[in-house]
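Work through the exercises below with the structure open. Each task is followed by its solution in steps.

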Amino acid sequence: MGKARRQGKEEKEEECLKPYLNENYLICKILDKHQVRSIIQIPAYLDRREWIATNTVHLYKCLEALAECVANICECPAMSGPNNIHYVLPDEKKRGIKCTAPLYIEICLREMQTAIGDESLFPTKYGNSFPLNFDSHVSRLVKLMCHILAHFYSAHFEAIHLLGIHDHLNTTLYYLFTFGREYGLTEDRDLDALWDVYQALDKRWDVVAVDMDVEETAEPVSGMSSAAL
């Protein structure tokens, strides 16, 4: 009993520090995780790299839309993430350069846009092929996406919730993590900062799925039609 109370207290304390773990906020635009996983599966006869490119472009657009909403409220002096993580930009000597969060996000989005628009990396014309190191380029972009999402959750989640777009944020996170893991485009250290959110969303969907099954199989109350219920 004491252990259960301790665990409950720890969970409440974590929700105070990380409001995005509150079950009331663990909602997404997509109905369930199986829908996400079906979306990222390669259609028959489509090239793997072509499919990865398609999903990468879509994820970039999702993230860009979120960034536009956050741009007016983010004045953070550093690019931070959960658990006191700080992200820095590497210079030519591979040393970390600290900068403001808006500048970091702007540079990351610009790098993504440049990469996606590069015909030698993301070919769109007939006859052009993907480079041999295509996966490593995409892994770099996915890593930057993880950094931006980490900052949004740790520094701006309450504002994002007030804007009514936290479901979009959660959907983008779950989509990105599921996609990155499915195609080997992520490293554990890239996912660590928001792994608790990913797991919480995954678990929440399982609970919702069970609740929906119960509702569908429940018998109508005597004397009342199912429509009335």
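**Exercise 1.** In this predicted model, compare the expected span of helix H3 with the distance between its end C-alpha atoms.

*Solution.* Helix H3 covers residues 48–70, which is 23 residues. The expected span takes 1.5 Å times one less than the number of residues, so H3 should span 33 Å. Its end C-alpha atoms are 33 Å apart, and the two values agree.

**Exercise 2.** Find what caps the N-terminal end of H3, then list the buried residues of H3 and what covers them.

*Solution.* The cap is Asp47, with a side-chain oxygen 3.0 Å from the backbone nitrogen of Arg49. Next, the buried residues of H3 are Trp51, Ile52, Ala53, Asn55, Thr56, Leu59, Tyr60, Leu63, Leu66, Ala67 and Val70. Their cover includes helix H2 (33–39), helix H4 (101–116), helix H5 (134–162) and H6.

**Exercise 3.** Decide how many disulfides the model has, starting from the sulfurs of Cys74 and Cys76.

*Solution.* A disulfide needs two cysteine sulfur atoms within 2.5 Å. For Cys74, the closest cysteine sulfur is that of Cys76, at 4.0 Å, which is too far for a bond. From Cys76, the closest is in turn Cys74. The count of disulfides is zero. As for accessibility, Cys74 is buried at 7%, and Cys76 is buried at 17%.

**Exercise 4.** Locate Thr186, and determine whether Thr186 is buried or exposed.

*Solution.* Thr186 sits in the loop between helix H6 (166–182) and helix H7 (188–191). Buried means under 20% relative accessible area; Thr186 has 19%, so Thr186 is buried. Leaving aside residues up to four places away in sequence, Thr186 touches Val142, Gly180, Arg181 and Leu191.

Definitions and conventions
Residues numbered from 1 in each chain as written. Predicted model: local features only at pLDDT ≥ 70, side-chain atom pairs only at ≥ 80, totals over all residues. Heavy atoms only, no water. Helix = DSSP H or I, 4+ residues; strand = E, 2+ residues; numbered from the N terminus. Buried < 20%, exposed > 50% of the residue type's maximum accessible area, 1.4 Å probe, protein only. Contact = heavy atoms within 4.5 Å. Polar contact = N/O pair within 3.5 Å; in protein donor to acceptor, adjacent residues only side chain to side chain.
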